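The following exercises concern aromatic contacts and nonpolar packing. Each task is followed by a worked solution.

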Amino acid sequence: LAGLLQDDVEDALDRMTGWMDPRNIRIHALDPDVDRMDAVECDLYPVQWRYWRRMSSRGNIAVLLDGPYRYAFDPDNPLPDDTEQKTARRDRAECFLSNERVRVIKLWLDRSDKNFEKTFETLDDDKDNSWQITKRDRLIKSSLKDYRNRIASIIDNPENCLPWITIDMGEDNALDKLCQHILDGIETPPTPVVVKRTPAKLDEAPAIITKTPKNPKDSLRDAQAELRDLTDSKAFRDRALVIAFEGHDAAGKGGAIRRLVRGIDPRHRHVIPISAPTTEELLYPYLWRFWRDMPAHGNVAIFDRSWYGRVLVERVESLIKKPVWQRAYGEINDMESELVRHGTIVVKFWLNISAEEQKKRFEARQSTAYKQFKITDDDWRNASKRDDYEKALNDLLAATHTTQAPWTVVPADDKDIARAIVAETVAARVKEAIKNGRKD
């Protein structure tokens, strides 16, 4: 929700909360110029994180004042050179939400030039109401023609995936029309939309680490020490680290993570185990539960399984329809791109074990009392679908092995070697990123 005159925005909010149950509406005015917490978030987190953490669940409404268009709508802020790219990224995010059955309504509250001038002067001349004229309103009035061109380039853009709805606030029934559009949006389920995106820059093949350390335990200790120095360094305060672990059941993800975290200050790391979504998580778009755990600068998030479950288990087990998981590759690439753009280092591992080694580890778990909790009937059933999982794996590697967030495939039949390779790879990626500096 945004408008030419700030007073119109406030009137619209009053009408909306007056006509609807205010308990189901959350209004978010993200403005780092006036909100110290929002200013901190701008520095420490990716832009989209700020909006994802305020995402409304099903049955609720989130109102974002200006939303991700704040800087584009700000008359005191020159449009950056990459406006077109930023617009495209916002557009893809909105399309993703629509495809996840979130109704996205973009409302622009307009006035004719003549009506704007008249309303402005009426408010400004009224001693009791002149406070309603904001600095932004005055800036717009001083360059109204240029500002209209600026707004038109955004809301009239033919490339918009989801259209803007313009409300003429000079009309007597303007607020009624606004609420009717919201009502229509609530009553009409979102329909799938085609997302326009530039294909991600893919590498030819994922890195498969075949060079094994001679003394893996010594190599692991060296990598842990190096990683501790790197993540404690001043240079890392302008970075974040996200590590995603995927792999066959019993491939040793948990063991690799336990050894890896010994090289990271526990005050700055967080391990997130991913399993089937909870009842609460199902009320949100599927990427929500991952975005909320993304780390601030200077911190590390390690995902034991990740957002790739959508194109692995959900695909293989037919939990979602084919168009949904096919669409997910681009959505995942977009998310990882947003992370990298803000300075996050994204490291992705697939821990690969042979069918023979997997069976051996399953049987060892069944026969060892303190390991029996690790083996379930689902593990055996998943192993019987190994060919299906291999096909899904090959597809995801082909679609998401990007230059900005590459995959590393780790042969994991030998646990010690796999653990050393994981720690060495993470340390090398962090060292390289710090050396090259930020590029956003």
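**Exercise 1.** Which residues have the most contacts inside the largest nonpolar core?

Solution. The model is a predicted one.
- Step 1: the largest nonpolar core comprises 44 residues.
- Step 2: inside this core, the residues with the most contacts are L287, M294, F303, W307 and L396.
- Step 3: helix 14 (residues 322-341) contributes the largest share of this core, seven residues.
- Step 4: a second, separate core has 33 residues, including L241, V261, I302 and I417.

**Exercise 2.** Determine which residues W307 touches, leaving aside those up to four places away in sequence, and which ring cluster contains W307.

Solution.
- Step 1: with residues up to four places away in sequence excluded, W307 touches V242, A244, Y286, L287, F290, M294, I332, M335 and E336.
- Step 2: ring pairs join W307 with F290, F303, Y308 and W407 in a cluster.

**Exercise 3.** Classify the aromatic pair of Y69 and W164, and state why it ties together parts that are far from each other in sequence numbering.

Solution.
- Step 1: the structure holds 18 aromatic pairs. In the pair of Y69 and W164, the centres are 5.1 Å apart and the planes form an angle of 75 degrees.
- Step 2: ring centres must lie within 6.5 Å to pair, and planes over 60 degrees apart count as edge-to-face. The pair of Y69 and W164 is therefore edge-to-face.
- Step 3: Y69 belongs to the loop between strand 3 (61-64) and helix 4 (70-73), whereas W164 belongs to strand 5 (residues 164-168), so the pair ties together parts 95 residues apart in sequence.
- Step 4: Y69 is buried, its relative accessible area being 5%. W164 also counts as buried, at 12% relative accessibility.

**Exercise 4.** What is the geometry of the pair formed by F96 and Y286, and which charged residue lies over the face of Y286?

Solution.
- Step 1: the ring centres of F96 and Y286 are 5.7 Å apart and the planes are at 70 degrees, so this pair is edge-to-face.
- Step 2: F96 is located in helix 5 (residues 83-99) and Y286 in the loop between strand 8 (269-273) and helix 12 (288-291); the pair therefore ties together parts 190 residues apart in sequence.
- Step 3: F96 counts as buried at 6% relative accessibility, and Y286 counts as buried at 10%.
- Step 4: R310 lies over the face of Y286, 3.9 Å from the ring centre.

Technical notes
Residues numbered from 1 in each chain as written. Predicted model: local features only at pLDDT ≥ 70, side-chain atom pairs only at ≥ 80, totals over all residues. Heavy atoms only, no water. Phe/Tyr/Trp six-rings, centres within 6.5 Å; stacked < 30°, edge-to-face > 60°. Helix = DSSP H or I, 4+ residues; strand = E, 2+ residues; numbered from the N terminus. Buried < 20%, exposed > 50% of the residue type's maximum accessible area, 1.4 Å probe, protein only. Lys NZ or Arg CZ within 6 Å of the ring centre and 35° of its normal. Core = buried A, V, L, I, M, F, W, Y, C linked by side-chain atoms within 4.5 Å. Contact = heavy atoms within 4.5 Å.
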